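Me: I'd like to learn how to read a predicted model. Could you walk me through this one?

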Amino acid sequence: MNNQNHKEVSYLEYQGKHKGLLGWLLSTDHKRIGILYLISLMIFLTVGISFGLLIRLELLSPGKTIIDPQTYNAIFTLHGVIMIFLFVIPGLPAVFGNFFLPILIGAKDVAFPKWNLTSWYLYVIGGLLAITAILLPGGPADTGWTFYIPYSVRTSTNVTLALFAAFILGFSSILTGLNFITTVHRLRAPGMTWFKMPLSIWSFYSTAWIQILATPIIGITLLLVAFERFFKVGLFDPALGGDPILYQHLFWIYSHPAVYIMILPAMGVVSEIIPVFARRTIFGYNFIAMSSVAIALFGSLVWAHHMFTAGMSSTSQLIFSLLTMIVAIPSAIKVFNWVATLYKGSIDLQVPLLYVLAFIFQFTIGGLTGVMQGVLSIDIHVHDTSFIVAHFHYVMFGGTGFGFFAALHYWFPKMFGRMYNKKLAERTFWGVFVGFNVLYFPMFIMGWLGMPRRYYDYLPEYQIYHMISTFGSWILVPSIFLMFGYLIYYALKGAKVTEKNVWGGETLEWQIDTPPIHENFIEIPTVSDKPYEYKSNELVTQFSEAK
Amino acid sequence: MSSSEHTVTHVHRDDVASRMGMWLFLFTELLLFGGMFILYSVYRYNNPDAFHLAAKELNTIIGTFNTAILLTSSLTMALSITAIQRNNKSLSIFFQLITVVLALGFMVNKYFEWGAKFSHGIYPGSDELLSKPAGEILFFGLYYVMTGLHGLHVLIGIGLILLMTYYTVKDVITHDNYMKLESAGLYWHLVDIIWIFLFPLFYLIT
């Protein structure tokens, strides 16, 4: 190169073959695709949150509060479909995996950049189909996000379109998974052996395997339901000889591993953030790495615990109950290692760490109540009550959602080259944290007392819990929207950051320019040691400088 | 653009990665059909007699003929790859086209087979079929869905191979860069192997 002092422009300013908006929409740069995903995800998340808020408003008092029962059924279905298929499943891998996975392993891009862009388009098409299904005559699906047979083949609402949307979103997810596995196998920087990879890579890698192995099953299952609706093919409908419980099995063979697709990347982010803000080498690197693989493995074998009350031999019940408890072990290994890393650390309580601590707190509650449901006798008691709703939201929102927010605040300066107002972010965190717990904790109590999930109406004795819960949503939702507001504002107008290593992190993304240049590295770095090496709470740089 | 280093985009070729990606994709395809094989196994186990009776109505001769056609097409596909490896472009194109012709032959047979069933009133949702016992409804439901999805894969395969032929003509696929053709070949063998399982399950086990 003749112009050594010439500074490479950042990926945000880079001008490729296409300019302006097309430069984004047709870009195969993994960072730009990550941002595209971020924007579209935030839009769908906003829609999903609004539906959630409506559910809470309706449940404020018994009987009709603001919407009629049919609308209510449609709204909780849409809340579920949007949140599951358009936010938490793509969530962290699509945004932060795309943006940071290649950087963290020292690569210039993913293995198949064009397929990567294709996956975003499939995601958008799937999302638009789901939205179209709301607007078309016939009305939005009212089956719940699980599309249980036989109601899903009998209802006259636009279930087929919603099924098709989920099918396409599955393809998007498969492409991302396929891309990540190949990238991790083929494009690691010299010296980065498997056990020198950052822990988030282990998470993304395990997630990618579940995406590939489980998603085809839901794809075909949903497609079969669509066929059954369209052509009256006898497959699941008992009127035609089919078996609805078989549908449930096929549905959960994917959808249970899918919750690990949702939580594993968030666990990776937590493992990334804790050593940086505790200024300590991560405790038990190998255990955390292997526990991700173990979760992916065991998590694929527990699906039938969703059908304990649906009719199953007692032998199967025992086996699936046991497997369900086993999957708690690798999750607990992670929690203990994170806490052990914090112990005697030099803790710098920044906003990302706050979200991470909230993650550990809430995930532990969500996880332990999950083990409770794995116990057969308790499951009979709490099945289909709001206890399940609380458990699920503690794991998926208190876990994955908070992990997502943590990642946003952690990588924000690297992604946009700007910094948010830390004081404001910290205050917002408390709003989100308090609002979340006020919203969901009462659901544990009323569920235990017998409040069924998904019901439109309820007995007056549950009203106090519903009121507290709805009150929580009034704290939570404005706080989240405030967060979105300030993140958008500071992404565009915040104080510029040019410092490479904003937080004092050891992983590769902190050794390159802020924001990163078009192909991340001018020269691929050579890695010599494990990530997260701190000595007496000081950073030890182990990488040969990426110039 | 003035400076060259901005216009030069990173050209990355990694055949091992492409092969790995293709195999992973084939894995997902297998699992996709796997879901249906589970349905088949469970329903067969629950309705052994009905499945036995229904399977007798399928035409084993057409099925065998189609099996032979698909196996041969897999051979010609493999030959086309070997031809391009030996830098024999026209021979490779010839074998690719033969593969397409065989695939079309498979579809034509399928058309007549399905057509005969339809004319007997056996198709999803028909009164004739719905009057049969539940097990037979399930059998024919699975038959139409599984061979239908397989047929869809054959059609996609035809499109894919024709695209490869175009690439070969245009020298995008050459004797030292034939990964695209190899991937298409892998896909075609998958289509073949799924048929190898569908054939005995529907036609031979009675």
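Reply: Happily; we'll go from confidence to overall form, then to one helix pair. This is a predicted model, where local features need pLDDT of at least 70, side-chain atom pairs count only at pLDDT 80 or more, and totals for chains, interfaces and linings use all residues. Residues are numbered from 1 along each chain as its sequence is written, and chains are lettered from A in the order in which they are written.

Me: What is the mean pLDDT of chain A?

Reply: pLDDT is the predictor's confidence in each residue, from 0 to 100. Chain A has a mean of 92, and 97% of its residues reach 70 or more. Over residues 1-5 of chain A, pLDDT stays under 50. Where pLDDT is low, the predicted coordinates should not be read in detail.

Me: Which radius of gyration does chain A have?

Reply: That radius is taken over C-alpha atoms, and the globule rule is 2.2 Å times the number of residues to the power 0.38. For 547 residues a compact globule would be near 24 Å, and the 23 Å of chain A agrees. Its C-alpha trace spans about 75 × 50 × 45 Å along the principal axes.

Me: At what angle do α9(A) and α11(A) cross?

Reply: Angles run from 0 to 180 degrees between N-to-C directions, with axes fitted to C-alpha atoms over the stretch in contact. Helix α9 (residues 244-278) and helix α11 (residues 314-342) of chain A cross at roughly 15 degrees, their axes coming within 9 Å. The two are therefore roughly parallel (angles under 35 degrees). Among the residues making the contact (C-beta atoms, placed from the backbone, within 7 Å) are A:Met267 of α9(A) and A:Trp338 of α11(A).

Terms used
Helix = DSSP H or I, 4+ residues; strand = E, 2+ residues; numbered from the N terminus. Parallel < 35°, antiparallel > 145°, perpendicular 65-115°, else oblique. Contact = placed C-beta atoms within 7 Å.
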